[in-house]
Amino acid sequence: MMSIIAFTHRIGARRSAITPRQGIELLRRTFLAVVAVAIAGASPAIAQDREQVKLVFEHALPNVEGKRMAAVLVSYPPGSKSLPHRHAESAFIYAYVLSGAIRSQVGNDPAQVYHTGEGFYETPGSHHRVSENASDTEPASLLAVFVVDSKDGALTIPDRDAAPK
């Protein structure tokens with residue numbers, strides 16, 4: 001990325017090649033491009049229909065060969081949800097609701113709403129059919145702790161038919 005000083009120097013070096021009006025137009029276009037890049041980089045906050053996931057911890061378990069533990073923070077803006085998904089085949093997951101209320105359905109069990117301070121677990125191979133913020137007005141978040149085989153790659157795999165188009 002070019003600094004403002006380098007940019008203005010570049011314009012000055014081309015002064016004879018462009019008119020003042022063209023220089024202003026170039027600055028306007030550059031400004032709009034920077035704004036567009038900033039908005040695109042902030043798109044998870046703008047696209048309120050999906051959860052935001054952040055890896056907060058990952059480490060090999062020294063006393064359990066071939067296993068690792070990972071923790072992810074899942075934040076749900078009001079009314080947002082996750083796509084139906086499965087986790088790595090070996091994954092045992094404990095989810096703890098940090099704020100708000102989370103509606104969850106694992107396998108063929110009925111959907112349940114979990115509130116701040118409550119938790120649930122998923123056994124290896126489970127299908128997470130519903131995972132969403134139970135509120136349309138308040139945000140919600142949970143901490144999901146995985147115990148998984150070290151060789152397993154992605155922690156979460158969206159259902160093929162549920163992938164965004």
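**Patch and pockets in a predicted model**

Author: Strand β4, residues 92–99, gives the most to the nonpolar patch, with four residues. Keep in mind that this is a predicted model.

Reader: Which residues make the nonpolar surface patch, and about how many Å² is it?

Author: The patch is made by Phe92, Tyr94, Tyr96, Leu98 and Tyr121. Strand β4 is the top contributor here. The area comes to about 500 Å².

Reader: Is Phe92 buried, partly exposed or exposed?

Author: Phe92 sits in strand β4. Buried would need under 20% relative accessible area, and exposed over 50%. Phe92 has 37%, so it counts as partly exposed.

Reader: On to pockets. What residues lie nearest the centre of the largest pocket?

Author: That pocket holds about 360 Å³ of space, and 22 residues line it. Several strands give two or more residues to the lining, including β3 (85–87), β4 and β10 (156–158). Nearest the centre you'll find Glu51, Ser82, His85, His87 and Thr156.

Reader: How many residues of that lining are nonpolar, polar and charged?

Author: For this split, Tyr counts as nonpolar and Gly as polar. The lining of the largest pocket then divides into three charged, six polar and 13 nonpolar.

Reader: Which elements give two or more residues to the lining of the second largest pocket?

Author: The second largest pocket has a volume of about 230 Å³. It is lined by 14 residues, with Val106, Asp109, Gln112, Tyr114 and Tyr121 closest to its centre. By class, the lining has seven polar, five nonpolar and two charged residues. The elements you're after are β5 (101–106), β6 (112–115) and β7.

Definitions and conventions:
Residues numbered from 1 in each chain as written. Predicted model: local features only at pLDDT ≥ 70, side-chain atom pairs only at ≥ 80, totals over all residues. Heavy atoms only, no water. Patch = residues over 30% accessible without salt bridge, like charges linked within 9 Å, V, L, I, M, F, W, Y side chains within 5 Å. Areas by Shrake-Rupley, 256 points an atom, 1.4 Å probe, with all protein chains shown as cover. Salt bridge = Lys/Arg side-chain N within 4 Å of Asp/Glu carboxyl O. Buried < 20%, exposed > 50% of the residue type's maximum accessible area, 1.4 Å probe, protein only. 1 Å grid on protein atoms, 1.4 Å probe; cavity = no way out; pocket = protein on both sides within 12 Å on 5 of 7 lines; lining within 4 Å. Points joined across faces, edges and corners; volume = space filled by probe spheres on them.
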